[in-house]
There are 2 protein chains.
Amino acid sequence: MEAVTIKDIARALNLSTSTVSRALRGSYEINPETKRLVMEYAERMNYRPNPIALSLKENRSRVIGVIVPQIANDFFSQAINGIEAIAYNRGYHVIIAQSHESFEREVVTVQQSVARKVDGLLISLSSETNDVSHLQELRQKNFPIVLFDRVSDELDTVKIVSDNYGGAFAATEHLIRSGRRRIAHVTIPPYMSITQERLAGYRAALEQNGLPYDESLIRYVGFGQHEIDPIVDDLLEQSPPPDAFFAASDRLALGCLATLQARRIVIPEQVSIVGFTNIGVAHLLSPPMSTVVQPAKEIGQTAAERLIELIERKQKAAPIGTVRIPTQLIARQSSGV
Amino acid sequence: MEAVTIKDIARALNLSTSTVSRALRGSYEINPETKRLVMEYAERMNYRPNPIALSLKENRSRVIGVIVPQIANDFFSQAINGIEAIAYNRGYHVIIAQSHESFEREVVTVQQSVARKVDGLLISLSSETNDVSHLQELRQKNFPIVLFDRVSDELDTVKIVSDNYGGAFAATEHLIRSGRRRIAHVTIPPYMSITQERLAGYRAALEQNGLPYDESLIRYVGFGQHEIDPIVDDLLEQSPPPDAFFAASDRLALGCLATLQARRIVIPEQVSIVGFTNIGVAHLLSPPMSTVVQPAKEIGQTAAERLIELIERKQKAAPIGTVRIPTQLIARQSSGV
DNA sequence: TTGTACGCGTTATCAG
DNA sequence: CTGATAACGCGTACAA
C-alpha cells in the first residue's frame with residue numbers, strides 16, 4: 001500500500017530525486033559515498049521502482065497478452081506454462097484472456113488487450129475465426145503478434161505450431177504396422193488448421209500403405225460435447241467394426257479409453273488406440289495406449305521467445321514464417337500386440 | 001502504437017485538455033455542442049484512455065494477480081477460468097504466475113506481483129509452503145488477499161475451498177454401499193490441507209461403517225511422479241488385494257484407470273474406482289468409474305468475487321472466513337455392480 | 001462553460 | 001558530482 005518512492009528517499013537523505021535515481025541505477029558518475037548511502041537506505045526501506053510510472057515513461061508495459069480459446073484445456077494450459085516460463089525469465093508478465101471459441105469475444109479481447117498497452121500478443125485463434133482483419137490491422141501498425149497452434153494463412157506473422165501432419169502420419173502408420181486395417185479417426189471440428197493437418201496426415205498414411213480412406217470411420221466432435229461414448233458406440237457398430245482408434249486430442253483419447261473399458265473391450269487385443277495427447281496425460285495413458293505427444297510447452301516457449309524478439313527489436317525485419325515443432329510417438333510396449 | 005491521446009484531440013479541436021477530458025467523461029456541465037464534437041472526434045479517432053496513466057494517477061491497476069502451483073493442471077486451469085470470467089466482467093485483468101510447488105518461488109512471485117501493483121492477490125499455496133509470513137505482512141498492511149483450494153490456518157483472510165472432507169466421505173461411502181470392503185486410497189502428498197481433509201473424510205466413512213482404517217492401503221504420490229502403474233501394481237499385490245480405489249485427483253484417477261485397463265482388470269466387476277476429479281475429465285471417465293466432482297470453476301469465481309469485494313471497499317470490515325463449496329458425486333450406473 | 005496548473009513516479013537533459 | 005526541470009497521459013481543483 002504505502003510504497004516508498006524515490007521522492008521519499010530523496011527527502012529523507014536530503015538529496016534530489018535525480019541524484020537518488022542515478023545512484024539507484026548507477027548510471028552517471030556519482031559520489032561513491034552518496035551512492036552507498038542511497039543504496040543502503042533504499043534496501044532498508046525495501047524500495048521498489050513503480051513499474052506503472054516506468055511504463056508511462058517508457059511507453060511499454062513489459063506485459064505480454066495471451067489469448068486462447070480456453071484456459072481449461074491441457075494443451076493450452078501447458079502452452080501457457082511454457083509462455084510463462086520464458087516471459088518471467090525475460091522480465092515480462094503474462095496477462096491471460098479467453099475467447100471461449102467465439103470470434104466476437106476474440107475481437108473484443110484483442111482490442112481490450114491492446115488498449116491495456118500490452119507490448120505484444122500471443123494468440124491461438126478461436127474455432128470460429130475465419131476473418132483475421134482485426135489482427136491484420138495491428139500487424140500493419142507493426143504491433144508484435146505471434147500466432148500459435150491455431151493459425152491462419154491470411155496473417156503475415158510468426159506462427160508456431162505442432163507438426164500435426166507428421167504426428168498424425170506417425171500415429172496412423174504405427175497402427176498399420178501393428179496390423180490394424182480399419183482405423184477410426186475421432187477428431188475435433190473441421191475447418192480448423194490443426195484438424196485439417198491431422199486429417200491429411202492420417203489420410204496420407206492410409207494411402208501410402210494401400211488402405212482405403214473411409215469417411216464412415218471419421219467423427220468430428222465439438223468442444224462442447226462432453227459425452228464420447230455414443231460416438232464410440234456408433235463406430236463400433238460399423239461392419240466390420242474398426243480395429244483401431246486414432247483420437248485427435250487427449251480429451252477424445254481419454255473418452256475412447258473410458259468407453260472401451262466400459263464396454264469390456266480389451267486393448268490392444270481387440271482394438272488399439274493412439275491418442276494425439278499432451279505430456280502428463282500421455283504418460284498416464286501410455287500403458288494401454290500409444291500416444292503422439294504434442295510439444296505444448298515447447299510451442300509456448302518458442303512463441304514467447306519469438307514474440308519477445310519482435311518486441312525488443314522491432315526495427316529489424318520481422319522474421320515472418322511458420323515454425324513446426326515435432327511431435328513424439330510413444331509406442332506402447334509392443335509385446336502386447 | 002501511435003495511440004491518440006486527449007492532448008491530440010484538444011489540439012485538433014482547439015480546446016484544452018481539461019475540456020476534452022470532461023467532455024469525454026461527461027462530468028462537469030459542458031456545452032452540449034462541444035461535448036458532441038469531442039465525442040464524435042474521439043469515436044472517429046478510436047480514442048482509448050491510457051490505462052497506465054490512469055493507474056499512475058489512481059494508484060490502482062485494475063489487475064488481479066493469481067498465483068498457483070501449476071497452470072497445467074485441470075483443477076487450477078478451471079479455477080483460473082472462473083477467475084477470469086468474473087474478473088473480466090468487473091473490468092479487471094488477470095496476471096498469472098506459477099510457484100511450481102516451490103516455497104521460494106512463491107515468495108518471490110508474491111513480491112513481484114505486489115511490486116507490479118496488482119490490486120489484490122488470489123493464491124493457492126505451494127505444497128512446500130508452511131510459513132505464510134510473506135502473506136501475513138501484506139495482510140497487515142491491509143493488502144487484499146484471498147486464498148483458495150490450498151489454504152493455511154495461519155493466515156487470517158478469506159479462504160475458498162472444496163468440501164474435501166465431505167467429498168471424500170461421499171466417495172468412500174459410495175464404495176462401501178456398493179459392497180466394497182478394502183478400499184485403497186491413492187492420494188497426493190501429505191502435509192497439505194486438502195490431502196488431510198480428504199484423508200479424514202475417507203477415514204471417517206470407513207469408521208462409521210465399521211471398516212478398519214488400514215495404512216497399507218494408502219499411497220501418497222508426488223506431483224512430479226508421472227508413473228502410476230507401479231503404485232497400483234503394488235497395491236494389487238496386497239493380500240487380500242483392494243476391491244476398490246479412491247483416487248484423490250483426476251491425474252491419479254486417470255492413472256489408475258489406465259493401469260487397470262492394462263492389467264485387464266474389469267471395472268466394476270473386479271474393482272471399483274471413484275476419482276476426486278474435475279468436470280470435463282469427470283464426464284469422460286464416468287462410464288466406468290464414479291467421480292466426485294470438484295467445483296473448480298466455482299471456487300475460482302467465488303474467490304475472485306470475494307477478492308474484488310475486498311479491493312473495492314477496503315474500509316469495510318473484511319469478511320474473513322472459510323467458504324466450503326460442495327462437491328458433487330456422479331455415481332456410475334449401478335447396473336454394473 | 002472553459003482554461004491553467006498540478007500531481008501521480010520515474011528518468012533524461014541541461015545547468016550548475 | 002548534483003540539482004532543477006520537463007515529459008509520459010490523465011483527471012481535477014482552482015481560476016477566469
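Me: What makes the crossing of H8(B) and H9(B) a right-handed one?

Reply: H8(B) passes H9(B) in a right-handed crossing, a term for a near helix turned clockwise from the far one by less than a right angle, whereas an anticlockwise turn is called left-handed. The model is predicted, so that local features need pLDDT of at least 70 and side-chain atom pairs count only at pLDDT 80 or more, while totals for chains, interfaces and linings use all residues. Residues are numbered from 1 along each chain as its sequence is written, chains are lettered from A and ligands numbered from 1 in the order in which they are written, and side-chain values use heavy atoms, with hydrogens and water left out.

Me: What are the angle and the axis distance for H8(B) and H9(B)?

Reply: Helix H8 (residues 164-177) and helix H9 (residues 193-208) of chain B pack at about 35°, with their axes 7 Å apart. Helices are DSSP runs of H or I with at least four residues, strands are E runs of at least two, and both are numbered from the N terminus. The axes are lines fitted to C-alpha atoms, for helices over the stretch in contact, and angles run from 0 to 180 degrees between N-to-C directions.

Me: Which residues make the contact of these two helices?

Reply: Contact means heavy atoms within 4.5 Å. Among the residues that meet this condition are Tyr165(B), Ala168(B) and Phe169(B) of H8(B) and Ala200(B), Gly201(B) and Tyr202(B) of H9(B). By class, the contact of H8(B) with H9(B) has 10 nonpolar, 4 polar and 3 charged residues. Here Ala, Val, Leu, Ile, Met, Phe, Trp, Tyr, Cys and Pro count as nonpolar, Asp, Glu, Lys and Arg as charged, and the others, Gly among them, as polar.

Me: Why are H2(A) and H3(A) called roughly perpendicular or oblique?

Reply: The axes of H2(A) and helix H3 (residues 32-44) of chain A come within 9 Å and cross at roughly 85°. Angles of 65 to 115 degrees count as roughly perpendicular, those under 35 as roughly parallel, those over 145 as roughly antiparallel, and the rest as oblique. H2(A) and H3(A) are therefore roughly perpendicular to each other. Thr19(A), Val20(A), Ala23(A) and Leu24(A) of H2(A) meet Thr34(A), Lys35(A), Val38(A), Met39(A) and Ala42(A) of H3(A). This contact has 6 nonpolar, 2 polar and 1 charged residues.

Me: What makes H5(A) oblique to H13(A)?

Reply: The axes of helix H5 (residues 74-89) and helix H13 (residues 296-312) of chain A cross at roughly 40° and come within 7 Å. That angle makes H5(A) oblique to H13(A). The crossing is right-handed. Phe75(A) and Ile86(A) of H5(A), as well as Ala304(A) and Ile308(A) of H13(A), are among the residues in contact. The contact divides into 9 nonpolar, 5 polar and 2 charged residues.

Me: How do you know which residues are near DNA strand D?

Reply: A residue is near a strand if one of its heavy atoms lies within 4 Å of it. There are 26 residues around DNA strand D, and Thr19(A), Arg22(A), Thr34(A), Ile6(B) and Tyr47(B) come nearest. Sugar and phosphate account for 58% of the atoms of the strand that come within 4 Å of the protein. H2(B) supplies the largest share of this surface, 4 residues. The surface has 9 nonpolar, 10 polar and 7 charged residues.

Me: What makes the approach of Ile6(B) to DNA strand D a polar contact?

Reply: A polar contact is a pair of N or O atoms within 3.5 Å; within protein, one must be able to donate a hydrogen and the other to accept it, and residues adjacent in sequence count only if both atoms are side-chain atoms. A backbone N or O atom of Ile6(B) lies 2.7 Å from a phosphate oxygen of DNA strand D, so the pair meets the distance condition. For Tyr47(B), a polar side-chain atom lies 2.9 Å from a phosphate oxygen of that strand.

Me: Which residues come closest to DNA strand C?

Reply: Of 26 residues that surround DNA strand C, the closest are Ile6(A), Tyr47(A), Ser18(B), Thr19(B) and Thr34(B). Sugar and phosphate make up 60% of the atoms of this strand that come within 4 Å of the protein. A polar side-chain atom of Lys7(A) lies 2.7 Å from a phosphate oxygen of DNA strand C.

Me: Where is Pro240(A), and what is the peptide bond that joins it to Ser239(A)?

Reply: The bond is cis, with omega about -5°. Pro240(A) lies in the loop between helix H10 (229-236) and strand S8 (244-247) of chain A.
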